[in-house]
Amino acid sequence: MLKKRIIPKFLIRGGRLVKMRRFHDDQREAGNPVSTAKVYDSYGVDELIFVDIDATRETRVVTGNIIERVAEEVFVPLTAGGGVRTLSHIEALLKSGADKVSINSAAIDDPAFITQAASRFGDQCIVVSVDYKADEFGKKRVHGHGGTLQTSHDPVEFALRMQDLHAGEILMTSIDRDGMMDGYDLDMIAALSDTLDIPLIASSGAGSLDDCKKALDAGASAITISSMFIFTDHSPIKVRTYLSTNGVNVRSQKGSRS
C-alpha cells in the first residue's frame, strides 16, 4: 500500500509567503518561502507545493528563481504552479528544480494541453489543480483564473476527464474551505477516491490533527496543509506522529538531509 503524504502548500505573492481565506479575503503575511521550506524539510515533509497566485492574472508563469532557491536548499519533491500555459513554461520550471508542475486555468481553457504536456514530460510530472466552490444553488462548480471564473464543469467529472487526458495527479482545492480551518471536503474526497485511479491530493480545510486523519481515511492519497502550520503550533512532526499512532500509513519521520 502506498504511504500517505503530507504536503505543505505555499502561496506566493511578490516573492513572499502569504495566506488568505477563500482565495481572496484577509491576506496575511506568512514569511519567507525559502527559509520556511527549509524548516519543513527538516521536519520530514513528503513534498512541497508552490503556487504563484498572481501569475495567471498577470499573464506570466510562476517565478522560477524562487523554485531554484528552494531546490538548492531542500531535497524533497517540489511542485510549482501559477500561470503555466505552454510546454516551454513546464520545461523552464523543471529545469529550475521543480519535479512536477501544477496546471489549473490552462486545463480548463485547453484540455488537450494536458495530453500534450504528459506526452512530452511524462504523466508523473503533470498535476492538474481543480479549484471548486458552490454556486448560488449549492452546486459545486470548477473555477479558473484564481477562482474568479466560474465554469459549468462538475468537479468530479472534470477530474475524471483530466485523468483520461493523462494527468498524473489531481489536486482538489475547495475555495469555500480555503483558509477556514474547519475540515476538508470529505464528501468530495470520498466521491473522487471511489472513481479516480491516479493519486488524489486534498487541499483546503486542515485545522486539527483529526481533520488530517479524516481526509486520508476518506481516500485522499495526500493532504496539503497551509494555515494550520502557519497559524497554530501543529507541525509536520505532530501531524505525522498523530497519523502514525492512529493507524494511517505514513512515512517514518526523517528530513531529506538525514
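Here are three short exercises, with worked solutions, on the predicted model shown above.

**Exercise 1: a helix and its end**

Work out which residues of helix α3 are buried and how they are arranged around its axis.

*Solution.*
Step 1. Find the helix: α3 covers residues 87–96.
Step 2. Pick out its buried residues, which are Ile 90, Leu 93 and Ser 96.
Step 3. Look down the axis of α3: the buried residues fall within an arc of 125°, so they line one face of the helix.
Step 4. Now move past the end of the helix. Gly 97 follows α3, and its phi is positive, near 125°.

**Exercise 2: an arginine in a strand**

Decide whether Arg 28 counts as buried or exposed, and list what it touches.

*Solution.*
Step 1. Locate Arg 28: it belongs to strand β3, residues 25–29.
Step 2. Compare its accessibility with the cut-off. Buried means under 20%, and Arg 28 has 18% relative accessibility, so it counts as buried.
Step 3. Leave out residues up to four places away in sequence; Arg 28 then touches Leu 17, Val 18, Lys 19, Met 20, Arg 21, Gly 179 and Phe 231.

**Exercise 3: the nonpolar cores**

Find which residues touch the most other members of the largest nonpolar core, and which helix gives the most to it.

*Solution.*
Step 1. The largest core has 69 residues, and Leu 48, Ile 103, Ile 170 and Ile 225 touch the most other members.
Step 2. Helix α5 (residues 112–121) gives the most to this core, with five residues.
Step 3. Another core, of ten residues, lies apart from the largest one; Val 18, Ile 49, Val 127 and Leu 171 are among its members.
Step 4. Zoom in on Leu 48: beyond its neighbours within four places in sequence, its contacts include Ile 7, Phe 10, Tyr 40 and Val 74.

Conventions: Residues numbered from 1 in each chain as written. Predicted model: local features only at pLDDT ≥ 70, side-chain atom pairs only at ≥ 80, totals over all residues. Heavy atoms only, no water. Buried < 20%, exposed > 50% of the residue type's maximum accessible area, 1.4 Å probe, protein only. Helix = DSSP H or I, 4+ residues; strand = E, 2+ residues; numbered from the N terminus. Arc of directions from axis to C-beta. Contact = heavy atoms within 4.5 Å. Core = buried A, V, L, I, M, F, W, Y, C linked by side-chain atoms within 4.5 Å.
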